[in-house]
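Colleague: Please put the model on the screen with its sequence beside it. I would then like to go through it with you, one question at a time.

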Amino acid sequence: QVQLEESGGGLVQPGGSLGLSCVASGSIFSIHVMGWYRQAPGKLREQVAIINHEGATTYAQSVKGRFTISRDNAKNMVSLRMDSLKLEDTAVYYCYVGGVRETERTGNQQCWGQGTQVTVSS
């Protein structure tokens with residue numbers, strides 16, 4: 001019953017910036033990990049950045065130093081700030097949540113967003 005709503009995709013020039021956000025809704029007690037994945041044409045889906053409940057982050061080498069992930073636990077929201085965008089960043093970006101508990105004792109659900117297009121072009 002968990003649903004994800006993504007926003008913020010669009011068209012930007014190389015070197016530009018863009019921000020993505022995702023809000024989880026439904027029966028949620030807590031979320032262990034939230035993050036962003038992306039899939040470019042002809043390629044497999046790859047992990048871009050993840051952040052756990054305590055705020056520890058992991059970034060793909062290709063975006064390290066350029067992207068910043070953050071979360072607001074009170075709002076069940078995760079955001080991704082993308083700076084110094086490159087042509088290679090063009091992809092559909094998907095929000096992800098894992099380790100979702102519907103109650104204090106049980107639950108280990110995962111959920112994917114529908115995806116939002118990010119296009120970097122001159």
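Colleague: How far is the sulfur of Cys111 from the closest cysteine sulfur?

Modeller: This is a predicted model, in which local features need pLDDT of at least 70 and side-chain atom pairs count only at pLDDT 80 or more, while totals for chains, interfaces and linings use all residues. Residues are numbered from 1 along each chain as its sequence is written, and side-chain values use heavy atoms, with hydrogens and water left out. A disulfide is a pair of cysteine sulfur atoms within 2.5 Å. The closest cysteine sulfur to that of Cys111 is in Cys95, and it is too far for a bond because the separation is 8.1 Å.

Colleague: Does Cys111 count as buried or exposed, and at what relative accessibility?

Modeller: A residue is called buried under 20% relative accessible area, exposed over 50% and partly exposed in between, with a 1.4 Å probe and protein chains only. Cys111 therefore counts as buried, with a relative accessibility of 13%.

Colleague: Which cysteine does a disulfide join to Cys22?

Modeller: The structure holds one disulfide. The link that Cys22 makes is left-handed, with -90° about the S-S bond. Its S to S distance is 2.1 Å, and the partner of Cys22 is Cys95.

Colleague: Where along the chain do these two cysteines lie, and what is the relative accessible area of Cys95?

Modeller: The pair links distant parts of the chain, 73 residues apart, with Cys22 in strand β3 and Cys95 in strand β9 (residues 91-101). Strands here are DSSP runs of E with at least two residues, and helices are runs of H or I with at least four, numbered from the N terminus. Cys22 counts as buried because its relative accessibility is 0%, and Cys95 is buried too, with a relative accessible area of 0%.

Colleague: Which side chains of strand β3 point to the face where they are buried?

Modeller: Along β3 (residues 18-25) the side chains alternate, and Gly19, Ser21, Val23 and Ser25 point to a face where they are not buried. Those pointing to the other face, and buried there, are Leu18, Leu20, Cys22 and Ala24.

Colleague: By how many degrees are neighbouring strands of the open four-stranded sheet turned against each other on average?

Modeller: The order in this sheet is β1-β3-β8-β7, with antiparallel pairing, where two strands pair if DSSP finds at least two bridges between them. The edges are β1 (3-7) and β7 (67-72), each with a single partner strand, so one side of each is left without a neighbour in the sheet. With axes as lines fitted to C-alpha atoms (for helices over the stretch in contact) and angles running from 0 to 180 degrees between N-to-C directions, the average turn, direction ignored, is 15°.

Colleague: Over how many bridges do β7 and β8 pair?

Modeller: Ile69 has Leu80 as its bridge partner in β8. The two strands, β7 and β8 (residues 77-82), pair in the antiparallel sense, and the number of bridges is six.

Colleague: Which strand gives the most residues to the largest nonpolar core?

Modeller: A nonpolar core is a set of buried Ala, Val, Leu, Ile, Met, Phe, Trp, Tyr and Cys residues joined through side-chain atoms within 4.5 Å. The largest one has 30 residues, and those with the most contacts inside it are Trp36, Leu80, Met82 and Tyr93. Among the strands that each supply at least two of its residues are β4 (30-39), β5 (46-52) and β11 (116-120). With five residues, the strand that gives the most is β9.

Colleague: What is the distance of the polar contact between the side chains of Arg38 and Glu46?

Modeller: Arg38 is found in strand β4 and counts as buried because its relative accessibility is 5%. A polar contact is a pair of N or O atoms within 3.5 Å; within protein, one must be able to donate a hydrogen and the other to accept it, and residues adjacent in sequence count only if both atoms are side-chain atoms. The side chains of Arg38 and Ser62 are joined by such a contact of 3.4 Å. For the side chains of Arg38 and Glu46 the distance is 2.8 Å.

Colleague: How far apart are the C-alpha atoms of Thr68 and Cys111?

Modeller: Thr68 lies in strand β7 and counts as partly exposed because its relative accessibility is 34%. Thr68 and Cys111 are 43 residues apart along the chain, and their C-alpha atoms are separated by 21 Å.
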